[in-house]
Amino acid sequence: AARIIQNMDPTADPCKDFYQYACGGWLNRHVIPETSSRYSIFDILRDELEIILKGVLETSDQGDREAFQKAKVLYKSCMNESLIEQRDSLPLLEALTMVGDWPVASADWNKTKEPNWSMEEKLSIMNSRFNKRVLIDMFIWNDDRDSSRHIIYIDQPSLGMPSRDYYFNGGNYQRVREAYLQFMITIAKMIREDKNMSKDDSFVQEEMAKVMELETEIAN
């Protein structure tokens, strides 16, 4: 009750400006940060929680249960920027190798990789190792017909862009779509460069256009 009263402005006439009357105290005491598009009690709680979590993650992990140790190791690995810079694209290249490489970043993928490439196997690796659902989403959840048990669900996954609108609509959607395609082209070129492959911009653009076409068909 005290917090509600604190966030009000009792000096305002509610019959003339009810918003100022109900929220004036909050508006007077809070300014939307330049890095945010909104600011509410939930945003404040989130910021406070992040500070608390940072303190917890930076404490010693001696005597912690395994789950806490893993969280602290993950946090330390993300904070070690010098090692991240040193490793450069190596983790990404290793991940690509695990899922069968990337044709656009391979000189002879059709000959060396495709004969032994299995979509079912690679989809399962993407799901189990990287928590990435491609083409098919599969997860365990409560059975809608019997809430006392869990079952396997098979569903459609999310798209590369936020929604179907981005693949078909004009205006800002089209600008995002063009930037998305350019982003894919840029990443493919970077990976080819890191693998010391020859520069072939036309090939990369053709391949990424095919990817965009496939994503559009899936969105449709």
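## Guided tour of the chain

Begin by selecting Asn196, which at 72% relative accessibility counts as exposed. The classes used throughout are buried (under 20% relative accessible area), exposed (over 50%) and partly exposed (in between), computed with a 1.4 Å probe on protein chains only. Asn196 is found in the loop between H10 and H11. Its phi is near 55 degrees, a positive value in a residue other than glycine. Most residues other than glycine have a negative phi.

The model is predicted, so local features need pLDDT of at least 70 and side-chain atom pairs count only at pLDDT 80 or more, whereas totals for chains, interfaces and linings use all residues. Residues are numbered from 1 along each chain as its sequence is written, and side-chain values use heavy atoms, with hydrogens and water left out.

**The whole chain**

Zoom out to the full chain. It has eleven helices and two strands; these are DSSP runs numbered from the N terminus, helices being H or I over at least four residues and strands E over at least two. Along the sequence, the elements follow the pattern α-α-α-α-α-α-α-α-β-β-α-α-α. The C-alpha trace spans about 80 × 55 × 50 Å along its principal axes. The radius of gyration of the chain is 25 Å, whereas a compact globule of 220 residues would have one near 17 Å; the value is taken over C-alpha atoms, and the globule rule is 2.2 Å times the number of residues to the power 0.38. Buried residues make up 20% of the 220 residues. Of the contacts (heavy atoms within 4.5 Å) with a separation of 6 or more, 32% join residues 24 or more positions apart.

**H10 and H11**

Return to the two helices that flank Asn196, and select residues 172-194 (H10) and 201-219 (H11). These helices pack at an angle of about 135 degrees, with their axes 9 Å apart. H10 is therefore oblique to H11. Axes are lines fitted to C-alpha atoms, for helices over the stretch in contact, and angles run from 0 to 180 degrees between N-to-C directions. Angles under 35 degrees count as roughly parallel, over 145 as roughly antiparallel, 65 to 115 as roughly perpendicular and the rest as oblique. H10 passes H11 in a right-handed crossing, meaning that the near helix is turned clockwise from the far one by less than a right angle.

Now display the side chains at this contact. From H10, the residues to show are Arg177, Tyr180, Leu181, Met184, Ile185, Ala188, Lys189 and Arg192. They meet Asp201, Phe203, Val204, Gln205, Met208, Ala209, Val211, Met212 and Glu215 of H11. By class, the contact of H10 with H11 has eleven nonpolar, one polar and five charged residues. Here Ala, Val, Leu, Ile, Met, Phe, Trp, Tyr, Cys and Pro count as nonpolar, Asp, Glu, Lys and Arg as charged, and the others, Gly among them, as polar.

**The N-terminal helices**

Next, select Ile5 in helix H1. At 59% relative accessibility, Ile5 counts as exposed. Asn28 is 23 residues from Ile5 in sequence, and the two C-alpha atoms are 13 Å apart.

Move to helix H2 (residues 18-29), whose buried residues are Gly24, Gly25 and Trp26. These buried residues pack against helix H1 (2-6) and H3.

Continue to H3 (residues 41-57) and H4 (residues 66-79), which pack at an angle of about 100 degrees with their axes 10 Å apart. H3 and H4 are therefore roughly perpendicular to each other. Lys54, Val56 and Leu57 of H3 make this contact with Ala71, Lys72 and Tyr75 of H4. Its residues divide into four nonpolar, no polar and two charged.

**Asp101 and Asn142**

Select Asp101, in the loop between helix H6 (90-98) and helix H7 (109-112). Phi of Asp101 is near 65 degrees, again positive in a residue other than glycine. At 16% relative accessibility, Asp101 counts as buried.

Finish at Asn142 in strand S1 (residues 137-143). At 28% relative accessibility, Asn142 counts as partly exposed. Leaving aside residues up to four places away in sequence, Asn142 touches Ser147, Arg149, His150 and Tyr153. For a last distance, pick the C-alpha atoms of Asn142 and Ser202: these residues are 60 apart along the chain, and the atoms are separated by 48 Å.
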